[in-house]
Amino acid sequence: MNDFYDTSVRTDDIAATDAWLRAQYGHVDLQADDAVYAERLVGDGAFALRRLEWDSRVDLAYESDRFYVCSSTPGYAWRIGRWDGEFSVAPGIIQPGDELRALADHCRLDVVSFEAERLTQTARTIYGDDELTVRFAGTDPVSPRLRDYWLATQRWALTQLPVLAEPLVRAHVYRALSVAALESFALVGDPRERRASAAAQASIYNAAAAWIDDHASLPVTIDDAARAVGTSVDGLRRAFAANGQVVESPEGYLELARLSAAHADLLDAHADETSIEQVAARWGFGDPAAFAAAYRTAYGVSPRTTLER
């Protein structure tokens, strides 16, 4: 997702607050005598970090069109169907189609929103189930431990706001938040089956990553890695998509392993005895220009700068 945005509002005009909420959230019914309100949203089409501040007392009704995970300072009481609570006591999840009714009274609300289709795609990748539909069984975290896990992940994500415009940072933050949401709140379905699938994929990933690290100096392919760990190429790709933190494909992992080895060779080499072309070829890069471009992306400098340091 490249449609990054960082936008905010601060107003004490009830009409302006109402217009902002409708523009950002869709169908919102705001009832108040006044509305001193501020909000900052940072994110893209997949997710957003949102901080809302109510310096007033308002009644709200909202029909959700995405997933929201909310926590607050004291003063935000809510009801969704038969569930109710206070987001300062425990974070809660709002789902597409939920009708939220809330009383906000001089409080701050921290929210992570997820686009529904993207979160579903992520869940299907993580759990290895192409038919999975993301629907949560309730509003509260599964346990106090997972409540704390979510809150810690959210706090960490907020520290990344200054660099969230960077696509790689944003992808990492989205990944951490989406996994935390899917694990912290109870999905409808059999959790044992999902965990078994996720554990199997993690096992494949770890074995394949270790095998690639050990064999990067040889003319091996992704087919060889899949055979070595007893899975198909498609299965290997699913395992990397579900577990890869730096790169999400086995091809990318193999390239990165070889780049790392080439980097070590360049650090050890002497410019009058070794050429960039020799190092590139040794690690399977037949095109020196493509090697140089990949190296610069990984290390921020050209391979020649490293060799001639």
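This is a short guided tour of a predicted model, with suggestions on what to select at each stop.

**The whole chain**

Start with everything shown as a cartoon. The protein has 11 helices and 11 strands, and its C-alpha trace spans about 80 × 45 × 30 Å along the principal axes. Colour by burial if your viewer allows: of the 309 residues, 42% are buried. Among contacts with a separation of 6 or more, 69% join residues 24 or more positions apart.

**Helix α3**

Now select residues 144-159, which form helix α3. Put a distance between the C-alpha atoms at its two ends and you should read 23 Å. That agrees with the 22 Å expected for 16 residues, because each residue should add 1.5 Å.

Next, show the side chains of L146, W150, T153, Q154 and A157, the buried residues of α3. Turn the view to look down the helix axis: these buried residues fall within an arc of 100°, so they line one face of α3. The spacing fits a familiar rule: an α-helix has 3.6 residues a turn, so residues three or four places apart point the same way.

Which exposed residues sit on the face of α3 turned away from its buried side? Select P144, R145, R155 and T159 to see them.

To find what the buried side packs against, add β4 (47-63), β5 (67-72), β9 (99-114) and α4 (167-184).

**Into the core**

From here, step into the largest nonpolar core, a set of 28 residues. Select F114, L177 and L182, which have the most contacts inside this core. Two or more core residues come from each of β4, β5, β9, α2 (116-127), α3, α4 and β11 (185-187). Which element gives the largest share? Helix α4 does, with 6 residues. As a general point, nonpolar side chains in soluble globular proteins tend to be buried together.

Centre the view on L177 and show its surroundings. Beyond its neighbours within four places in sequence, L177 is in contact with F47, L49, V112, F114, W150, T153, Q154 and A157. Four of these names may look familiar from the α3 stop: W150, T153, Q154 and A157 are buried residues of that helix.

Apart from this core lies another, of 26 residues; select A35, L100, C107 and L109 to see some of its members.

**The cavity**

How many cavities of 30 Å³ or more does the structure hold? There is 1, and about 210 Å³ of space lies in it. To find the cavity, select Y25, L52, Y62, Y76 and L100, which lie nearest its centre among the 15 lining residues. L100 is also a member of the 26-residue core. At least two lining residues come from each of α1 (14-25), β4, β5 and β9, and β4 gives the most, with 5.

**Two single residues to finish**

Go to T122 in helix α2. Is T122 buried or exposed? Its relative accessible area is 10%, under the 20% cut-off, so T122 counts as buried. Setting aside neighbours within four places in sequence, its contacts are Y174 and S178.

Last, select H106 in strand β9 and check its backbone. Phi of H106 is near 50°, a positive value in a residue other than glycine. For context, most residues other than glycine have a negative phi. H106 has a relative accessibility of 46%, between the 20% and 50% cut-offs, so this histidine is partly exposed.

Key:
Residues are numbered from 1 along each chain as its sequence is written. This is a predicted model: local features need pLDDT of at least 70, side-chain atom pairs count only at pLDDT 80 or more; totals for chains, interfaces and linings use all residues. Side-chain values use heavy atoms; hydrogens and water are left out. Helices (H or I, at least four residues) and strands (E, at least two) are DSSP runs, numbered from the N terminus. The expected span of a helix is 1.5 Å times one less than its number of residues. Buried means under 20% relative accessible area, exposed over 50%, partly exposed in between (1.4 Å probe, protein chains only). The arc is that of the directions from the helix axis to the C-beta atoms. Contact means heavy atoms within 4.5 Å. A nonpolar core is a set of buried Ala, Val, Leu, Ile, Met, Phe, Trp, Tyr and Cys residues joined through side-chain atoms within 4.5 Å. On a 1 Å grid over the protein atoms alone, a cavity is a set of points where a 1.4 Å probe fits but cannot get out, and a pocket is an open set with protein on both sides within 12 Å along at least five of seven lines; lining residues have an atom within 4 Å of a point. Grid points are joined across faces, edges and corners, and a volume is the space filled by probe spheres set on the points.
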